[in-house]
Amino acid sequence: MTGRIKRVAGRLAACGIVACGAAAALYLYGMLPFWAYAAVTVLGFPAAVVALFLWWMADEGKEDIPFIGY
């Protein structure tokens, strides 16, 4: 079960990081307005960080995911 959680959390972290990076690049090239860049960053970055922590803490041998804090 934790292997599946680790895969899903890794994919979610990767998607959030790619979305933030793509939004930053598009904003810097003038192809995306600031409000859209800010919305993607505000929504994508926290989700990517939480998913990254879940991926990091989800060990293959344990059945429980430890508390990662706030």
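How many aromatic pairs does a search of the whole structure find? The exercises below work through this predicted model.

**Exercise 1. Count the aromatic pairs and describe the one between Tyr27 and Tyr37.**

Solution.
- Start with the count. A search of the whole structure gives four aromatic pairs.
- Take Tyr27 and Tyr37 next. Their ring centres are 4.9 Å apart, and the planes differ by 10 degrees.
- Apply the cut-off. Planes under 30 degrees apart count as stacked, and the Tyr27–Tyr37 pair is stacked.
- Place the two residues. Tyr27 sits in helix H1 (residues 2-28) and Tyr37 in helix H2, so the pair ties together parts 10 residues apart in sequence.
- Check exposure. Tyr27 has 32% relative accessibility and is partly exposed. Tyr37, with a relative accessible area of 23%, is also partly exposed.
- Widen the view. Ring pairs join Phe34 to Tyr27 and Tyr37 in a cluster.

**Exercise 2. Classify Cys15 and Cys20 as buried or exposed, and state how many disulfides the structure has.**

Solution.
- Recall the chemistry. A disulfide is a covalent bond between the sulfur atoms of two cysteines.
- Read the search result. The whole structure has zero disulfides.
- Set the limits. Buried means under 20% relative accessible area, and exposed means over 50%.
- Classify Cys15. Its relative accessibility is 51%, so Cys15 counts as exposed.
- Classify Cys20. Its relative accessibility is 15%, so Cys20 counts as buried.

**Exercise 3. Find which residues form the nonpolar surface patch, and locate Trp56.**

Solution.
- List the members. The patch consists of Leu52, Phe53, Trp55, Trp56 and Met57.
- Give the area. Together these residues have about 520 Å² of accessible area.
- Locate Trp56. This residue belongs to helix H2, which covers residues 34-57.
- Test its exposure. Trp56 has a relative accessible area of 61%, so Trp56 is exposed.

**Exercise 4. Summarise the protein: secondary structure, burial, surface and contacts.**

Solution.
- Count the elements. There are two helices and zero strands.
- Take burial. Of the 70 residues in the protein, 19% are buried.
- Take the surface. The accessible surface is about 5,300 Å². Carbon and sulfur atoms hold 73% of that surface.
- Take the contacts. Consider those with a separation of 6 or more: 59% of them join residues 24 or more positions apart.

Terms used:
Residues are numbered from 1 along each chain as its sequence is written. This is a predicted model: local features need pLDDT of at least 70, side-chain atom pairs count only at pLDDT 80 or more; totals for chains, interfaces and linings use all residues. Side-chain values use heavy atoms; hydrogens and water are left out. A disulfide is a pair of cysteine sulfur atoms within 2.5 Å. Buried means under 20% relative accessible area, exposed over 50%, partly exposed in between (1.4 Å probe, protein chains only). Patches are made of residues with over 30% relative accessible area and no salt bridge: like charges are joined within 9 Å, nonpolar side chains (Val, Leu, Ile, Met, Phe, Trp, Tyr) within 5 Å. Accessible areas come from the Shrake-Rupley method with a 1.4 Å probe; for residues, only the protein chains shown count as cover. A salt bridge is a side-chain nitrogen of Lys or Arg within 4 Å of a carboxyl oxygen of Asp or Glu. Helices (H or I, at least four residues) and strands (E, at least two) are DSSP runs, numbered from the N terminus. Contact means heavy atoms within 4.5 Å. Rings of Phe, Tyr and Trp (its six-membered ring) pair if their centres lie within 6.5 Å; planes under 30 degrees apart count as stacked, over 60 as edge-to-face and the rest as tilted.
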